[in-house]
Amino acid sequence: MSQDMRDMLLDAARRIFADKPDDLWMVLQESGFDRALLPESKGGASVSWADACGLLALAGEHAAPVPLAEAMAGHWLLDVAGVEDSTLPTIAPSVLDGQVRVSTVGNSPRVDGTLQRVPWGGACSHVAFIAGSGAGAQLIVLARNAAGISVTSGHNLAGEPRDTLVLEGVEPVALVPAPCDARELLSVAAILRSALMAGAITRCLSLAVEYANLRVQFGRAIGKFQAVQQSIAVLATQAAAARAAAEAGSEAIDERFAALGQPLTESVAAASAKIRTGEAAGQACAITHQVFGAIGFTEELELHDYTKRLWSWRDEFGNEAFWSRELGELILNGSDEAFLWQTMVPTVSGVAR
């Protein structure tokens, strides 16, 4: 996609989010943003994962209450599986070994198990997930209304649906070799969350600056006080770091599926994305609420729409502790000392930065 087309796509999304239509999700679907990763022949825009994450950053910046990340990834997986005409696919990216079992009844496969905290699991038309690892990984697509699926509704702190699906002898719509294994799909989901978080942190920065310039205390705007200025400066650095980490993670996905890079399980950028955006989210929430004071927790202000999402997204698809362990194991299990050194001390043309 050319830079001009990319700019047009982002501008169109920015206008839709800014307008805040009551039927936002319908407008996004009619505009094809949920299918953006698909080729144009299938109603998509053939965007890269990096471009898709740019769209998600905009969604996070507007606290859009829509399943855009899940639908994008869901349509991608359904396309791989050859499933068409899905109105709202979602993904269950954290399927552990033994959590789901595939058996055969007659000549037909059946799926049993439990899918925990599936985003929009009760409202979706299809749910896609990957079971297994390595060459034996299987992509499984289930129709939400299939016999044998029961749903227990749940929500995260921000009120977004996180439902539990219990599967009892469910016949899948598709069961095919997976484009990656279950652990890599978890990496993809974590990076998509990182993009949403980066956008929400950017908005927290804007809100903090705006309020600091408006709120008057002791005869002058609180933004004139050095302590507040220092806090907002820290917040600005966290917003920039989160954006950079999410972008690096999205580029790692593109490299992986273009067969140009290593598996996401071996990518430092992929493992680092959720760590860095999670750390930035914690500081962003703390600083922004410090700037706003008690009023920041009121329903009348929009701040809580962002901080509740950041607190929720920070824990979803692996928190900083989980991905820090993954990153530590990746580095310690590196093939040689050169890998460890290059990871700890990035170089440009062989010269340490």
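In this predicted model, strand β2 (residues 100-105) and strand β3 (residues 108-119) run antiparallel and are joined by six bridges. The register of this pair can be followed residue by residue. Val100 of the chain faces Gly113 in β3, Ser103 stands opposite Arg110 in β3, and Val105 stands opposite Ser108 in β3. Two residues lie between the strands of the β2 and β3 hairpin, where Gly106 adopts a positive phi near 70 degrees.

Strand β3 has a further pairing to look at. With strand β7 (residues 162-170), β3 forms six bridges, again in the antiparallel sense. Here Pro119 has Arg162 in β7 as its bridge partner. These pairings belong to an open sheet of four strands, ordered β2-β3-β7-β6 and paired antiparallel. Its edges are formed by β2 and β6 (149-152), each of which pairs on one side only. From one strand to the next, the twist averages 15 degrees.

A second sheet can be described in a similar way. This open sheet of four strands follows the order β1-β4-β5-β8, and its pairing is mixed. Because β1 (89-91) and β8 (174-177) stand at the edges with a single partner strand each, one side of each is left without a neighbour in the sheet. Direction ignored, neighbouring strands of this sheet are turned by 20 degrees against each other on average. Within the sheet, strand β4 (residues 126-131) pairs with strand β5 (residues 138-143) in the antiparallel sense, over six bridges. One of the residue pairs that define the register is Val127 with its bridge partner Leu142 in β5. Helix α4 (residues 68-81) packs on this sheet and touches β1, β4, β5 and β8. The direction of α4 makes about 100 degrees with that of β1.

Turning to the helices, a useful residue to start from is Leu55, which lies in helix α3 (residues 49-61). With a relative accessible area of 1%, Leu55 falls below the 20% cut-off and is therefore buried. Leaving aside residues up to four places away in sequence, Leu55 touches Leu9, Leu10, Ala13, Phe17, Phe33, Ala36 and Met72. Ser125 offers a reference point elsewhere in the chain: Leu55 and Ser125 are 70 residues apart along the chain, and their C-alpha atoms are separated by 23 Å.

The remaining helix pair to consider is α5 with α6. Two packed helices are described by the angle between their axes and the distance between the axes. Helix α5 (residues 182-214) packs with helix α6 (residues 226-257) at an angle of about 155 degrees, and their axes are 8 Å apart. Since angles over 145 degrees count as roughly antiparallel, α5 is roughly antiparallel to α6. The α5 and α6 helices cross in the left-handed sense. Sorted by class, the residues in the contact of α5 with α6 comprise 19 nonpolar, five polar and three charged residues.

Notes
Residues are numbered from 1 along each chain as its sequence is written. This is a predicted model: local features need pLDDT of at least 70, side-chain atom pairs count only at pLDDT 80 or more; totals for chains, interfaces and linings use all residues. Side-chain values use heavy atoms; hydrogens and water are left out. Axes are lines fitted to C-alpha atoms, for helices over the stretch in contact, and angles run from 0 to 180 degrees between N-to-C directions. Angles under 35 degrees count as roughly parallel, over 145 as roughly antiparallel, 65 to 115 as roughly perpendicular and the rest as oblique. A crossing is left-handed if the near helix is turned anticlockwise from the far one by less than a right angle, and right-handed if clockwise. Ala, Val, Leu, Ile, Met, Phe, Trp, Tyr, Cys and Pro count as nonpolar, Asp, Glu, Lys and Arg as charged, and the others, Gly among them, as polar. Two strands pair if DSSP finds at least two bridges between them. Contact means heavy atoms within 4.5 Å. Buried means under 20% relative accessible area, exposed over 50%, partly exposed in between (1.4 Å probe, protein chains only).
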